[in-house]
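Good morning, and thank you for making time for this presentation. Please have the sequence and the model open before you as I speak.

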2 protein chains.
Amino acid sequence: MKRSKSPGKVAKMADVAALAGVTIMTVSRALHTPSAVSPATLEKVQEAIRETGFVPNYAARSLVSQRSPIVVALFPTMMNSVFSGTIEELSRQFSAQGYSLLLGETSFDIDTEEKLLSGFMGWRPAAIILTGSRHTEVSRKMLENSGVPVVELWNLPRDPFDLAVGLSNHQAAYDMTRSLHEWGYRRISFLNLNYPNNDRSVDRSAGYRQAMTELGLEVTPDMEISVPFGLEHASAAVQQLLKITPKVDAVFCSSDSLAVGVMMGALRAGLSIPGDLAIAGFGNVELAATVVPSLTTVDVPRAQIGRECARIIMERLRGGYRGPPVVDCGYSIVRRESA
Amino acid sequence: MKRSKSPGKVAKMADVAALAGVTIMTVSRALHTPSAVSPATLEKVQEAIRETGFVPNYAARSLVSQRSPIVVALFPTMMNSVFSGTIEELSRQFSAQGYSLLLGETSFDIDTEEKLLSGFMGWRPAAIILTGSRHTEVSRKMLENSGVPVVELWNLPRDPFDLAVGLSNHQAAYDMTRSLHEWGYRRISFLNLNYPNNDRSVDRSAGYRQAMTELGLEVTPDMEISVPFGLEHASAAVQQLLKITPKVDAVFCSSDSLAVGVMMGALRAGLSIPGDLAIAGFGNVELAATVVPSLTTVDVPRAQIGRECARIIMERLRGGYRGPPVVDCGYSIVRRESA
DNA sequence: CTGAAAGCGCTTACAG
DNA sequence: CTGAAAGCGCTTACAG
């Protein structure tokens with residue numbers, strides 16, 4: 001082990017100041033407003049910082065300045081490239097502004113969300129980003145007490161807690177269902193995730209149903225199938241799809257992950273796609289364009305959602321966000337081979 | 001907006017103490033050593049905490065206690081379910097111990113790693129988790145100065161910076177190459193990621209080469225192909241594979257993501273798998289078992305890596321890790337339809 | 001079982 | 001352009 005264990009010798013501002021022959025005030029200024037320090041002094045201080053390897057202590061800084069460079073962001077899962085795209089962008093944007101992202105994974109569960117939130121609250125985050133708009137009462141209380149900007153992602157809530165950035169899941173699902181109809185499919189089934197507090201799922205289901213009703217297409221109870229998150233569940237759902245009578249000719253999946261699972265299950269069952277069964281997804285993840293057959297899906301601007309979210313938070317923190325509380329990033333239908 | 005903007009009214013310990021009619025010392029004790037407080041007082045304090053919605057300020061706590069409940073973890077990408085599995089487990093383990101994970105994404109770049117590290121250092125993390133064992137000089141300096149446990153994941157470095165948890169990528173690639181040979185393949189190509197500082201890639205390539213040499217199989221320069229991260233690049237690599245003469249009968253990919261990309265490119269080119277081209281991956285992500293044809297791959301115990309990492313860090317922090325600095329979590333060859 | 005004092009490492013105002 | 005003082009919200013020792 002080449003490590004020289006050296007506990008306690010982490011440089012603090014006083015060490016830098018001593019080395020540079022100034023007070024800590026000057027070091028602090030050299031860090032924050034270098035223009036307010038004479039060039040010669042600045043040089044000395046910077047040299048001392050280099051030599052000591054000094055990194056300011058954020059705990060001390062945020063305690064006294066009453067501002068925290070932390071933004072909390074909670075997502076249902078990180079195993080999904082739909083969310084990863086947004087996370088990546090959020091991370092990039094906030095890093096550039098000097099903030100760190102404290103990420104949490106709720107597993108689609110609002111009680112887990114509450115637990116994570118109460119743990120993260122101790123950091124007095126500058127802003128809080130959540131997925132969806134269903135939260136426990138305790139969570140709402142904490143968010144309210146915090147007094148910081150709260151952004152709900154991925155949907156357009158009628159009554160946002162504070163701010164929201166996303167798309168109309170209802171409208172997108174409605175459009176995709178109508179598109180499938182336009183492309184000639186009539187017996188359209190809907191495959192969903194079975195998490196009750198997932199407002200995206202609920203809205204997509206409603207959009208699907210509204211379109212089906214308007215189109216005069218029947219939706220029997222067996223046509224709406226719900227499964228847990230995970231490829232194998234989606235793949236297994238093909239057996240349920242095959243039992244529906246009369247036979248369905250298309251399945252619209254609430255996520256690309258579900259759609260790929262179904263596609264693989266269908267291929268394995270010897271079905272031809274889209275001949276025997278058309279498949280549509282939601283999200284337009286990287287795999288959707290690559291898989292064979294390529295996946296028809298709803299493109300969600302995940303990077304843009306992250307960007308807009310970061311933007312309105314920064315504007316709010318600087319005191320002046322005057323835009324609408326709910327930002328619509330839109331979506332688009334992408335037709336490929338699977339439907 | 002139902003939000004009652006209420007800046008500055010976040011409860012602190014003094015508010016709780018006042019409400020409960022005790023001093024902040026007693027509140028602090030009620031939080032940390034409830035058994036040291038009389039039942040009646042404890043009850044009063046807990047009631048006051050509930051009423052005020054008090055959450056302790058971690059900045060203040062960690063400043064005075066000189067310990068931070070933050071663990072920094074840097075990964076090349078979060079878009080990869082191989083890493084997500086480890087991240088999930090790390091997050092679970094550390095949450096249970098009262099630590100928060102500060103996650104960063106290096107994009108396979110050690111300069112980005114350095115930048116993230118210097119930003120996160122200000123939190124005086126309790127431990128630092130990195131992927132791989134190539135780091136810049138500046139990073140090494142910072143890690144050394146920090147004096148905290150550093151764990152390098154995903155490989156078994158001969159000379160770890162401090163601690164390491166992973167598997168032998170060299171050995172695993174060697175085994176897979178020999179397995180492919182055993183299964184009858186002779187012209188085995190290797191598809192890699194083209195990031196120079198990715199020690200996993202380098203080791204896998206070396207393992208492949210060693211096996212090929214031992215088996216007396218030729219490796220011409222065109223048989224080792226490198227592409228950037230991203231499905232489309234892997235898919236496009238099929239064109240290069242087809243140009244190799246004499247024809248290759250198998251391609252061993254340095255990750256499942258690459259393998260799935262190649263598989264899709266091959267299917268699209270009308271090749272039959274494994275008849276025209278056998279494919280093997282590395283990682284055993286969820287998709288590997290589901291995709292058609294299912295993917296032969298190297299199973300990497302990603303959750304176990306996270307668990308072991310958390311375990312040795314916690315033991316070290318409690319003063320007594322006496323195990324080996326490098327923990328081998330092993331791997332296994334999983335044969336499926338693609339080879 | 002409870003409390004008074006000191007102080008963690010910085011930044012914020014205010015002087016000079 | 002530089003510095004002396006106060007204090008952020010807690011925990012750590014030490015008294016009682």
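Let me begin with a definition: a polar contact is a pair of N or O atoms within 3.5 Å; within protein, one must be able to donate a hydrogen and the other to accept it, and residues adjacent in sequence count only if both atoms are side-chain atoms. The model is a predicted one, in which local features need pLDDT of at least 70 and side-chain atom pairs count only at pLDDT 80 or more, while totals for chains, interfaces and linings use all residues. Residues are numbered from 1 along each chain as its sequence is written, chains are lettered from A and ligands numbered from 1 in the order in which they are written, and side-chain values use heavy atoms, with hydrogens and water left out.

I turn to DNA strand D. A residue is near a strand if one of its heavy atoms lies within 4 Å of it. There are 26 residues around DNA strand D, and those that come nearest are Thr26(A), Thr41(A), Lys12(B), Ser28(B) and His32(B). Of the atoms of this strand that come within 4 Å of the protein, sugar and phosphate account for 64%.

Which phosphate contacts does chain A make with DNA strand D? The side chain of Gln66(A) has an N or O atom 3.5 Å from a phosphate oxygen of the strand, and Ser38(A) places a backbone N or O atom 3.1 Å from a phosphate oxygen. From chain B, a backbone N or O atom of Met13(B) lies 2.9 Å from a phosphate oxygen of DNA strand D. The elements giving two or more residues to this surface are helix H2 (24-32) and helix H4 (58-65) of chain A, together with helix H2 (24-32) and helix H4 (58-65) of chain B. Helices here are DSSP runs of H or I with at least four residues, strands are runs of E with at least two, and both are numbered from the N terminus.

By class, the surface near DNA strand D holds twelve nonpolar, ten polar and four charged residues. In this scheme Ala, Val, Leu, Ile, Met, Phe, Trp, Tyr, Cys and Pro count as nonpolar, Asp, Glu, Lys and Arg as charged, and the others, Gly among them, as polar.

Next, DNA strand C. Here Lys12(A), Ser28(A), His32(A), Thr26(B) and Thr41(B) come nearest of the 26 residues around the strand. Sugar or phosphate supplies 62% of the strand C atoms within 4 Å of the protein, and bases supply the rest. Lys12(A) has a polar side-chain atom 2.6 Å from a phosphate oxygen, and an N or O atom in the side chain of Thr23(B) is 3.1 Å from a phosphate oxygen. A base is reached as well: a polar side-chain atom of Arg29(B) lies 2.7 Å from a base nitrogen of DNA strand C.

How are the two protein chains related? A turn of 180° and a shift of 0.0 Å along the axis lay chain A on chain B with an RMSD of 0.0 Å, the copies being superposed by least squares on the C-alpha atoms of residues with pLDDT of at least 70 in both. The two copies are thus related as by a two-fold rotation axis. In chain A, the C-alpha nearest that axis belongs to Ala59(A), at 2.2 Å.

The contact between the chains, meaning heavy atoms within 4.5 Å, takes 70 residues from chain A and 70 residues from chain B. The copies meet through the same surface, because 100% of the interface residues of chain A are also interface residues in chain B. About 6,000 Å² is buried between them, with carbon and sulfur atoms giving 55%; buried area is the accessible area (1.4 Å probe) that two parts lose on being put together, summed over both.

A salt bridge is a side-chain nitrogen of Lys or Arg within 4 Å of a carboxyl oxygen of Asp or Glu. Two salt bridges are found across the interface of chain A and chain B. Glu337(A) and Arg268(B) meet through their side chains in a salt bridge at 2.9 Å, N to O.

I close with backbone geometry. Most residues other than glycine have a negative phi, and most peptide bonds are trans. Gln66(B), not a glycine, has a positive phi of about 60°, and Gln66(B) sits in the loop between H4 and strand S1 (70-75) of chain B. A cis peptide bond, with omega about -5°, joins Val292(A) and Pro293(A).
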